[in-house]
Amino acid sequence: MMKILVQKFGGTSVSDEKRRKLVVKKIIKAKKEGYYPVVVVSAMGRKGQPYATDTLRSLVGDEFLGQNILASDLLMSCGELISTVVMSKELYKSKINAVPLMGGQAGIVTDKEFNNASVIRVETNKILDLLKEDKVPIVAGFQGQSEDGFITTLGRGGSDVTAALLGAALNAKSVEIYTDVDGIMTADPRIVSDASLIEEISYNEVFQFADQGAKVIHPRAVEIAMKSNIPLVIKNTLTDCDGTTISSVGNSNSKNVITGITHMSDRMQVNVQLKDNSENKSYRRLFNILADNFISIDLINVFPTEKIFTIDDKDFDKFEALMKEKDLKYSYVKGCSKIAIIGSRMRGIPGVMAKILNALSRGDIEVLQTADSHTTIWCLVPGEDTKKAIKVLHDEFELGV
Ligand code: ADP
Ligand code: MG
C-alpha cells in the first residue's frame with residue numbers, strides 16, 4: 001500500500017521564489033519519510049499581486065464576468081494553473097519529477113454550478129498512475145471540470161476543498177494545509193497579537209471556526225475530512241512548527257472551556273414589526289419570502305409583534321425592496337460583527353455566558369444580541385468594537401500565550 005500524503009500550499013506559500021523553495025523542502029521531507037506526496041496549490045499571492053485571482057478578474061471586470069459565468073470560471077482557473085507550472089519548475093530544479101495538472105486532469109468532476117461548483121466524484125486513476133511512476137502530481141486547486149468538459153471553480157477557499165477531496169478519494173494518511181501562520185490560533189493573529197497556537201482541535205470545533213469567519217480553512221474541507229476520518233493538519237510553510245492537528249477527539253485534556261474566538265463582520269441586525277400575528281402566519285410568510293429571495297438569516301429571535309435577526313450587509317438593498325413591496329415596517333443597525341466564542345467543553349458548564357457578558361460590559365461594549373449552542377456562543381456587537389470585543393474576551397478566558 002502506498003502511503004499517500006496530500007500537501008496543500010496556499011497563495012502566500014507559493015507567492016515568491018523564496019517561499020516556493022520552502023515548499024520544495026516540505027515536499028522533499030515528505031518523500032524522505034516514505035510518503036507519496038500529492039500537492040495542491042492556490043494562485044500565487046493575494047489581492048493586488050500580478051497572478052492572484054482578483055487581479056486576473058480585474059483584467060475584464062466584474063460586470064462582464066457576472067454576465068458570462070463560463071468565461072468567469074475559465075479566467076478564475078488560470079491563477080492556479082500558473083502556480084502548478086511555476087511550482088513544477090521549482091521541483092524540477094531539485095530533481096523531482098513533478099507533473100502539473102488541471103483540476104479536471106486530476107479527476108475532479110463537478111456539476112455546472114459555475115463559480116461555486118460541487119464535486120460529483122473524484123477519478124483517482126491518473127494520479128495513482130503518476131505516483132506509481134514516482135512522479136509528484138501538482139494539482140491546481142479550486143477547480144474542476146464538468147462531465148461535458150467545461151472548467152468550473154469551487155468557490156472562495158476552494159483549494160482546501162480540493163485537498164480534502166483528494167485526501168478522501170486517495171485514502172491519504174493525512175491532509176496537510178500549509179499557510180502563513182503556525183496553525184489555528186485562539187484568535188486571528190492579525191487582531192490579537194498574543195493569540196496562541198491550538199495544537200489539537202476537534203473537527204466540530206474547527207468547523208465552527210471556519211464556518212464563523214476564520215478563513216484559515218474552508219468549512220467544506222473540514223466536513224469532507226471528518227466524513228472520511230482523515231486527519232487534517234494545518235501548518236506553516238515558513239516554520240518547522242508542528243501546527244494544529246484536527247481529529248475527532250480534539251484536546252479533551254484542556255482545562256479551558258473556551259478553545260478560541262472568531263468573528264464575521266458586515267452583519268446587519270434587522271427588526272421587522274408585524275402588525276398582525278394572528279395564527280403565526282405572517283411571520284412564517286416573512287421567513288418564506290426571505291428564503292425564496294436567497295437572503296440567509298441568523299441569530300433569529302421571534303416575539304409576538306417583532307422579529308429580530310441578522311443578514312449580510314450586502315443583502316440590504318434586496319431586503320429593503322422586499323419589505324417595501326410587502327409593506328412591512330422595519331428598523332436596522334448596519335455594520336455589526338458577530339463574535340463567535342467556540343469551545344466544545346463549555347457544554348453543561350454554567351456561567352460561561354455571564355462571564356462573556358460581564359467582560360464585554362466592563363469593556364463598555366454594547367451587546368445587541370446573543371445566541372448559543374453546545375459548542376458556540378455568539379454575540380452581536382457594533383462593528384467599530386469588533387477588535388476590542390475579541391481582545392477583551394481573549395483576555396477574559398486567558399487564551400493568550
Ligand atoms: P492561504 O492563502 O494559505 O489559504 P488564508 O488567508 O486563506 O491563507 O488563511 C490564513 C489566514 O487566516 C492567516 O493569515 C490569518 O490571518 C487568518 N486567520 C483568521 N483566523 C485565524 C485563526 N483563528 N487562526 C489562524 N489564522 C487565522
Ligand atoms: Mg485559504
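Reader: What makes the pairing of Asp 188 with ligand 1 a polar contact?
Author: An oxygen atom of ligand 1 is 3.0 Å from an N or O atom in the side chain of Asp 188, and a polar contact is a pair of N or O atoms within 3.5 Å (within protein, one must be able to donate a hydrogen and the other to accept it, and residues adjacent in sequence count only if both atoms are side-chain atoms), so the name applies to this pair. The model is predicted, with local features needing pLDDT of at least 70 and side-chain atom pairs pLDDT 80 or more, while totals for chains, interfaces and linings use all residues. Residues are numbered from 1 along each chain as its sequence is written, chains are lettered from A and ligands numbered from 1 in the order in which they are written, and side-chain values use heavy atoms, leaving out hydrogens and water.

Reader: Which polar side-chain atom lies 2.8 Å from an oxygen atom of ligand 1?
Author: One belongs to Thr 179, and an N or O atom in the side chain of Arg 190 also lies 2.8 Å from an oxygen atom of the ligand. The protein covers 92% of the 580 Å² of accessible area that ligand 1 has on its own.

Reader: How many residues surround ligand 1, and what counts as being near the ligand?
Author: There are 19, with Arg 46, Thr 179, Asp 180, Met 185 and Arg 190 the closest; a residue is near a molecule if one of its heavy atoms lies within 4 Å of it. This shell divides into 9 nonpolar, 4 polar and 6 charged residues.

Reader: Why is Ile 69 called partly exposed?
Author: Its relative accessible area is 41%, and since buried means under 20% and exposed over 50%, with partly exposed in between (1.4 Å probe, protein chains only), Ile 69 belongs to the middle class. Ile 69 is found in helix α4, residues 69–76, and its C-alpha atom is separated by 9.3 Å from that of Thr 152, 83 residues apart along the chain.

Reader: What makes β11 and β12 paired strands?
Author: Strand β11 (residues 232–236) and β12 are joined in the antiparallel sense over 3 bridges, and two strands pair if DSSP finds at least two bridges between them, so the condition is met. Leu 232 has Ile 246 as its bridge partner in β12. Strand β10 (residues 200–202) runs parallel to β12, with 3 bridges, and Glu 200 stands opposite Thr 245.

Reader: Which residues form the covered face of β12?
Author: Thr 244 and Ile 246 do, while Thr 245 and Ser 247 form the uncovered one. In a regular strand the side chains alternate between the two faces of the sheet.

How values were computed
Areas by Shrake-Rupley, 256 points an atom, 1.4 Å probe, with all protein chains shown as cover. Nonpolar A, V, L, I, M, F, W, Y, C, P; charged D, E, K, R; others polar. Helix = DSSP H or I, 4+ residues; strand = E, 2+ residues; numbered from the N terminus.
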